[in-house]
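Here are a few exercises to work through with the model open beside you. Try each task before you read its solution.

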Amino acid sequence: MAHWLMKSEPDELSIERLAQLKTARWDGVRNYQARNFLRSMALGDTFFFYHSSCPEPGIAGVARITAAAYPDPTALDPHSPYHAPKACETNNPWSAVTVEHVRTFAKVIPLALLKQQSALEELALVQKGSRLSVMPVTPEQWSAVLQLAH
DNA sequence: GCCAACGTTGGC
DNA sequence: GCCAACGTTGGC
């Protein structure tokens, strides 16, 4: 089972909201590198749910993949903020997955704390200039983060 | 194929 | 709100 990290703006979807919903579609990814990681995900993979562009950026909890990648319907929806004008039914380059809530951390693990961990130096999240929103997490990185969770 | 201009991300 | 860094677009 592989591990991942995915970013979401809490205004769009927060870990608390996912806990209410139980399950949600993870869509709107419009970067090819991130999309390719989405497509590498398997049923049962778990990921860190990261809150970005908010007062307290950091890892907020854990969620799980419940459906592997499929065409992202928001790309075809002209009313969606994620509408991709060049995409069509027969040629939709964008992918989505379905996820379910696993765990909300008692406290968000702040980005500043993550940056201090030598075990996380290789994680794209903490690298200067990186904007990747979907990234792999090694088993070692996974346990290093969990040790910071209360 | 180059590269300037532009739009987006996302921390601070 | 600012701005650094990145990705994409489009003229040439």
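## Exercises on DNA contacts and salt bridges

A base oxygen of DNA strand C lies 2.5 Å from an N or O atom in the side chain of Arg131. Keep in mind that this is a predicted model.

**Exercise 1.** List the residues around DNA strand C and sort them into nonpolar, polar and charged.

*Solution.*
- Step 1: Look for residues with a heavy atom within 4 Å of the strand. The search gives Tyr32, Lys86, Lys128, Gly129 and Arg131.
- Step 2: Sort them by class. The surface near DNA strand C has three charged residues, one polar and one nonpolar. Tyr counts as nonpolar, Gly as polar, and Lys and Arg as charged.

**Exercise 2.** Find which part of DNA strand C the side chains of Lys128 and Arg131 approach, then work out what share of the strand's atoms within 4 Å of the protein belongs to sugar or phosphate.

*Solution.*
- Step 1: Start at Lys128. An N or O atom of its side chain is 2.4 Å from a phosphate oxygen of DNA strand C.
- Step 2: Turn to Arg131, whose side chain has an N or O atom 2.5 Å from a base oxygen of DNA strand C.
- Step 3: Now take the strand's atoms within 4 Å of the protein: 68% belong to sugar or phosphate, and the rest to bases.

**Exercise 3.** Find the salt bridges in the structure and give the N to O distance for each.

*Solution.*
- Step 1: Recall the principle: side chains of opposite charge can pair when their charged atoms come close.
- Step 2: Apply the cut-off of 4 Å between a side-chain nitrogen of Lys or Arg and a carboxyl oxygen of Asp or Glu. The structure holds three such bridges.
- Step 3: Arg25 pairs with Asp27 at 2.9 Å, N to O. Arg25 is partly exposed, at 39% relative accessible area.
- Step 4: Asp72 pairs with Arg30 at 3.0 Å, N to O. This pair links distant parts of the chain, 42 residues apart: Asp72 sits in the loop between β4 (58-71) and β5 (95-110), and Arg30 in the loop between β2 (23-26) and α2 (32-40).
- Step 5: Arg64 pairs with Glu100 at 2.7 Å, N to O. Here too the pair links distant parts of the chain, from strand β4 to strand β5, 36 residues apart.

**Exercise 4.** Is Asp72 buried or exposed, and how does Arg30 count?

*Solution.*
- Step 1: Asp72 has a relative accessible area of 0%, so with buried meaning under 20%, Asp72 is buried.
- Step 2: Arg30 has a relative accessible area of 28% and is partly exposed.

How values were computed: Residues are numbered from 1 along each chain as its sequence is written. Chains are lettered from A and ligands numbered from 1 in the order in which they are written. This is a predicted model: local features need pLDDT of at least 70, side-chain atom pairs count only at pLDDT 80 or more; totals for chains, interfaces and linings use all residues. Side-chain values use heavy atoms; hydrogens and water are left out. A polar contact is a pair of N or O atoms within 3.5 Å; within protein, one must be able to donate a hydrogen and the other to accept it, and residues adjacent in sequence count only if both atoms are side-chain atoms. Buried means under 20% relative accessible area, exposed over 50%, partly exposed in between (1.4 Å probe, protein chains only). Helices (H or I, at least four residues) and strands (E, at least two) are DSSP runs, numbered from the N terminus.
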